[in-house]
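Reader: Before I accept the terms used for a model, I like to hear what each of them rests on. Could you take me through this one in that way?

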Amino acid sequence: MVPNSPVDALGSHASGVRDLLVEIVRARHDRFAEAHQVAETRYATGFGSQWHDLLDDTHEAMKDRGFFSHKLAPGGYKIPVVNDCLVYVWRVPDPQNAVKNFASSPTRMNGFSVEPPHPTLFDPLFGTEHPAVEAPDELDELEFTVRSVGDKMPLVLVMVSSTPRQLQSVAWAIATLDDEGKVQLRGQESIWERELVEDDALDVGESFASGAPTEPIVELRQQEQF
């Protein structure tokens, strides 16, 4: 059964995961935005390469809090598993229909066919310095052995919208595939948006959805005589 939203999918971990994801995305954006500025480049290709760091940052942060991960083939990216859900952080590129075409690579496509792991050995908790029960050392690099049968793990897609000038928004949703292999979003929700400041506001005047605009008063000035 597909969850209605990321909050439903992540359960009691939803709030902690949301706050951690926002922290990770903002920190990574700041690093790449600074590097872009220092380079004084006219091109944003280097800025867009942060996608791999976002995956690594998320994996490492979740691992530090006691969550395991699943390695997606063939790319080998390690994706956190939270409450039997995959959490994939992705900076959305500029082209239209980018979200629908998210599963265009074999690695991302495989994120929709991962079966749940065996029952979690311990329950990590946010807000604590260490997991409730620490895992043995030999489990640090454990790769889950998935069941041969069963439902597929939901994919929580975390979508980052940004430019070298600013981080615009972070949203998440449950990603599913339609019959044509296109991605559909379920329960999409914004988890962070950049606050509008005065310098960003454009002086667009009053809205004329109703009534009529007030015309400026123009006084005629008598022409000077020469």
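Author: What follows sets computed values against the definitions behind the terms.

Author: This is a predicted model, in which local features need pLDDT of at least 70 and side-chain atom pairs count only at pLDDT 80 or more, whereas totals for chains, interfaces and linings use all residues. Residues are numbered from 1 along each chain as its sequence is written, and side-chain values use heavy atoms, with hydrogens and water left out.

Reader: Why is T58 called buried or exposed?

Author: Buried means under 20% relative accessible area, exposed over 50%, and partly exposed in between, with a 1.4 Å probe and protein chains only. T58 has 2% relative accessibility, and therefore counts as buried. The residue sits in helix α4, residues 51-64, where helices (H or I, at least four residues) and strands (E, at least two) are DSSP runs numbered from the N terminus.

Reader: Which residues does T58 touch, not counting residues up to four places away in sequence?

Author: With that exclusion, T58 touches L21, I24, P80 and V89, contact being heavy atoms within 4.5 Å.

Reader: How is α4 placed against the strands?

Author: Helix α4 lies across β1, β2 and β3, and runs at about 45° to β2; axes here are lines fitted to C-alpha atoms, for helices over the stretch in contact, and angles run from 0 to 180 degrees between N-to-C directions.

Reader: What makes β1 and β6 edge strands?

Author: Two strands pair if DSSP finds at least two bridges between them. The open sheet has six strands in the order β1-β2-β3-β4-β5-β6, with mixed pairing, and β1 (69-72) and β6 each pair on one side only, as edge strands. Neighbouring strands of this sheet are turned by 30° against each other on average, direction ignored.

Reader: How do you know that β1 and β2 pair, and in which sense?

Author: Strand β1 and strand β2 (residues 77-82) share four bridges in the antiparallel sense, and the definition asks for at least two, so they pair. L72 has Y77 in β2 as its bridge partner, while S69 stands opposite P80 in β2. In their hairpin, with four residues between the strands, G76 takes a positive phi near 80°. The loop between β1 and β2 also holds P74, and the peptide bond from A73 to P74 is cis, with omega near 0°.

Reader: What makes a set of residues a nonpolar core?

Author: The term covers buried Ala, Val, Leu, Ile, Met, Phe, Trp, Tyr and Cys residues joined through side-chain atoms within 4.5 Å. The largest such core has 26 residues, of which L10, L21, V156, V158 and W172 touch the most other members. The elements that each supply at least two of its residues include α1 (6-10), α4 and β3 (85-91), and α2 gives the most, with seven residues. Apart from this core lies another, of 22 residues, among them A98, F112, L157 and V183.

Reader: Why are N83 and N97 called partly exposed?

Author: N83 has a relative accessible area of 42% and N97 has 49% relative accessibility; these values fall in between the cut-offs for buried and exposed, so N83 and N97 count as partly exposed. N83, in the loop between β2 and β3, has a positive phi near 55° without being a glycine. N97, in the loop between β3 and α5 (106-110), has a positive phi of about 65° and is not a glycine either. Most residues other than glycine have a negative phi.
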